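Welcome, and thanks for taking a look at this one with me. Below are some notes to help you find your way around, point by point.

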Amino acid sequence: MRLTWLGHACFLLSGSRTILIDPFIPEGSLAVEPDIVAVTHAHADHLGIAAELSKKTVAVNEVAKYLRAKGVPAEAMNLGGTITVDGVRFTMTPALHSSWLEDEGAGFYGGVAAGFVITMDGVRIYHAGDTALFSDMQLIRDLYRPDVALLPVGGCFTMGPEEAMIAARYVGAPLVIPMHYDTFPVIRQNLEEFKRTIERTTSIRVALLSPGESIEVGPEGGAG
Ligand code: NI
Ligand code: MN
């Protein structure tokens, strides 16, 4: 499976299906038509252009209801649940964060914030969404054994590098890709120390991607 970081929390997974997670695309436009869109929570930097894309969209009940009202074929789910869409498994995991849906100046409760474990072509990707560190990340490891963990590290709105080092250990995925940093000045981070410390003290590998960069990921995080 090919994984592309489009910046912030937005990732494109290309395998037997094309999946776009959190379609807020800070730089440039989208070159591919995704088959499925997954939205972790309602904040504008995650919901992004989900309504405009109008693809099959996986989201928490409240966000799915909002999208359906805009004509998007949204699949509703909630924390702890698993659904299969076009052969791709989506498990919605907890995230420790808030959620608020803004629409044309008005705002309303957007349901809970979440993360996803997405299984496609035998590869399990954990996208943590926006979250603080929480010790039940160990349950995500025990239950789903992710091959790759996409973890927010920017601080301010989510955990920072110090907490994310512990998150990486809790989740236990052999490959960690940091996200949700450097998009705005308040979440600017230097991740060299984060990468060095994790790789020195664990068998986990950290891939620091640039927006637009792709890597091949497979079972156990390796190329495949
Ligand atoms: Ni958020
Ligand atoms: Mn965010």
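1. Let's begin with a term that will come up often: a residue is buried when its relative accessible area is under 20%, exposed when it is over 50%, and partly exposed in between. Aspartate 142 has a relative accessible area of 43%, so it is partly exposed. Please keep in mind throughout that this is a predicted model.

2. Aspartate 142 also has a partner worth a look. Its side chain meets that of arginine 141 in a salt bridge, with N and O 3.1 Å apart. Arginine 141 has a relative accessibility of 24%, so this residue is partly exposed too. In the structure as a whole there are nine salt bridges.

3. Another salt bridge joins arginine 17 and aspartate 86, whose closest N and O atoms are 4.0 Å apart. The two residues come from distant parts of the chain, 69 residues apart: arginine 17 sits in the loop between strand 2 (11-14) and strand 3 (18-21), while aspartate 86 belongs to the loop between strand 7 (82-85) and strand 8 (88-94). With a relative accessible area of 29%, arginine 17 is partly exposed.

4. Which other side chain meets aspartate 86 in a salt bridge? That is lysine 56, with an N to O distance of 3.1 Å. Lysine 56 lies in strand 5 (residues 56-60) and aspartate 86 in the loop between strand 7 and strand 8, so this pair ties together parts that are 30 residues apart in sequence. Lysine 56 counts as partly exposed, at 30% relative accessibility. Taken together, Arg17, Lys56 and Asp86 are linked in a network of salt bridges.

5. Stay with aspartate 86 a moment longer and check its backbone. Its phi is positive, about 50 degrees, although the residue is not a glycine. At 34% relative accessibility, aspartate 86 counts as partly exposed.

6. Now turn to the metals. Which protein residues are the donors of the manganese ion (ligand 2)? They are Asp45 (OD), His46 (NE2), Asp130 (OD) and His180 (NE2), and they lie 2.1 to 2.3 Å from the ion. Along the chain, these donors follow the spacing D-H-x83-D-x49-H. Histidine 46 is in helix 1 (residues 44-47) and histidine 180 in the loop between strand 14 (175-179) and helix 6 (192-201), so the pair ties together parts that are 134 residues apart in sequence.

7. Aspartate 130 deserves a point of its own. This residue bridges the manganese ion (ligand 2) and the nickel ion (ligand 1). The two ions lie 3.2 Å apart.

8. Are the two histidine donors buried or exposed? Histidine 46 and histidine 180 are both buried. For histidine 180 the relative accessibility is 1%, so this residue falls under the 20% limit. Its backbone is also worth checking: phi of histidine 180 is near 55 degrees, a positive value in a residue other than glycine.

9. Methionine 77, in strand 6 (residues 74-77), is another residue to visit. Methionine 77 counts as buried, at 5% relative accessibility. Not counting residues up to four places away in sequence, methionine 77 touches residues including Val58, Val60, Ile83, Phe90, Met92 and Phe116. Methionine 92 is 15 residues apart from methionine 77 in sequence, and their C-alpha atoms are 7.4 Å apart in space.

10. Next, the aromatic rings. How many aromatic pairs does a search of the whole structure find? The search finds four. Ring pairs link Trp5, Phe11 and Tyr181 into a cluster.

11. Finally, have a look at the surface. Leu79, Tyr109 and Val112 form a nonpolar patch there, and together they have about 260 Å² of accessible area. One of these residues, valine 112, is found in the loop between strand 10 (106-109) and strand 11 (114-120). With a relative accessible area of 31%, valine 112 is partly exposed.

Notes. Residues numbered from 1 in each chain as written. Chains lettered and ligands numbered in written order. Predicted model: local features only at pLDDT ≥ 70, side-chain atom pairs only at ≥ 80, totals over all residues. Heavy atoms only, no water. Patch = residues over 30% accessible without salt bridge, like charges linked within 9 Å, V, L, I, M, F, W, Y side chains within 5 Å. Areas by Shrake-Rupley, 256 points an atom, 1.4 Å probe, with all protein chains shown as cover. Helix = DSSP H or I, 4+ residues; strand = E, 2+ residues; numbered from the N terminus. Buried < 20%, exposed > 50% of the residue type's maximum accessible area, 1.4 Å probe, protein only. Phe/Tyr/Trp six-rings, centres within 6.5 Å; stacked < 30°, edge-to-face > 60°. Donors = N, O, S within 2.8 Å, 3.2 Å for Na, K, Ca; no water. Contact = heavy atoms within 4.5 Å.
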